[in-house]
Amino acid sequence: MPRASAADAAATARRILDVASAHLAEHGYAAASVDDIARAADVTRGAVYHHYTSKPLLFAAVAAAEQQLVADAILAATENSTPDSALRDGSHAFLDAITRGAAARVLLVDGPAVLSWEDWRRFDADGPAATLREGLTEAGITPALQDALTAALSGAMNELALWLSERQTDAAARAQAHDALDLLLDAVAPRPQ
């Protein structure tokens with residue numbers, strides 16, 4: 001029996017990851033079934049375990065992929081931003097990215113429980129929180145307040161994202177969430193007049 005090429009193996013791992021992301025978003029970690037993920041990805045259960053070793057490690061890979069999608073959205077939104085607008089542009093991009101697809105369920109609902117609170121906090125600190133801290137720096141926030149404001153804004157935006165993710169098809173709720181985010185950001189870094 002011929003061995004799969006590296007490209008074939010990578011494509012299989014990616015397909016499993018994509019299917020797992022959709023499955024976890026729909027069912028949540030506790031109800032997620034590796035057998036169902038394997039069937040939907042058209043691979044064996046052994047192939048899932050070959051690429052991801054365990055259900056928790058598969059979840060961690062999905063979470064990392066979702067985190068990267070959120071980071072990419074923030075980067076795209078701030079690529080041409082001025083220092084005065086980067087914090088606001090990135091924060092709004094975060095809110096939109098984390099409330100679309102699997103991100104909210106995987107990163108905000110199941111993430112702290114599956115990854116452990118401490119691991120999830122490290123995961124967040126290396127991703128969105130680090131980007132938020134950069135935005136605060138660019139907005140001219142004094143270093144003495146950056147850690148506290150990063151924690152405060154990160155928590156507020158995560159809660160806002162959870163609220164919005166329960167109303168994904170409600171355009172008025174999305175507008176309200178962005179208006180609320182603007183009020184928070186205005187309190188931290190008022191827009192130039």
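The protein chain of this predicted model contains ten helices and zero strands. Read from the N terminus, its elements therefore follow the order α-α-α-α-α-α-α-α-α-α. Along the principal axes, the C-alpha atoms occupy a box of roughly 70 × 35 × 30 Å. Of the 193 residues in the protein chain, 42% are buried. Among contacts between residues at least 6 apart in sequence, 64% join residues at least 24 apart.

Helix α5 offers a view of the buried part of the chain. This helix covers residues 83-98, 16 residues in number, and spans 23 Å from its first C-alpha to its last, close to the 22 Å expected at 1.5 Å a residue. Its buried residues are Ala-86, Leu-87, Arg-88, Gly-90, Ser-91, His-92, Ala-93, Phe-94, Leu-95, Ala-97 and Ile-98. The cover over these buried residues includes α4 (55-78) and α6 (103-114), together with α8 (128-138), α9 (143-165) and α10 (171-188).

Two of the helices that help to cover α5, namely α6 and α9, also meet one another. Their axes come within 10 Å and cross at roughly 130°. Because an angle between 115 and 145 degrees is neither roughly perpendicular nor roughly antiparallel, α6 counts as oblique to α9. The crossing of α6 and α9 is left-handed. On the α6 side, the contact is formed by Ala-104, Leu-108 and Val-109; α9 contributes Asn-158, Ala-161, Leu-162 and Ser-165. By character, the residues of this contact comprise five nonpolar and two polar, with no charged residue.

Note on methods:
Residues are numbered from 1 along each chain as its sequence is written. This is a predicted model: local features need pLDDT of at least 70, side-chain atom pairs count only at pLDDT 80 or more; totals for chains, interfaces and linings use all residues. Side-chain values use heavy atoms; hydrogens and water are left out. Helices (H or I, at least four residues) and strands (E, at least two) are DSSP runs, numbered from the N terminus. The expected span of a helix is 1.5 Å times one less than its number of residues. Buried means under 20% relative accessible area, exposed over 50%, partly exposed in between (1.4 Å probe, protein chains only). Contact means heavy atoms within 4.5 Å. Axes are lines fitted to C-alpha atoms, for helices over the stretch in contact, and angles run from 0 to 180 degrees between N-to-C directions. Angles under 35 degrees count as roughly parallel, over 145 as roughly antiparallel, 65 to 115 as roughly perpendicular and the rest as oblique. A crossing is left-handed if the near helix is turned anticlockwise from the far one by less than a right angle, and right-handed if clockwise. Ala, Val, Leu, Ile, Met, Phe, Trp, Tyr, Cys and Pro count as nonpolar, Asp, Glu, Lys and Arg as charged, and the others, Gly among them, as polar.
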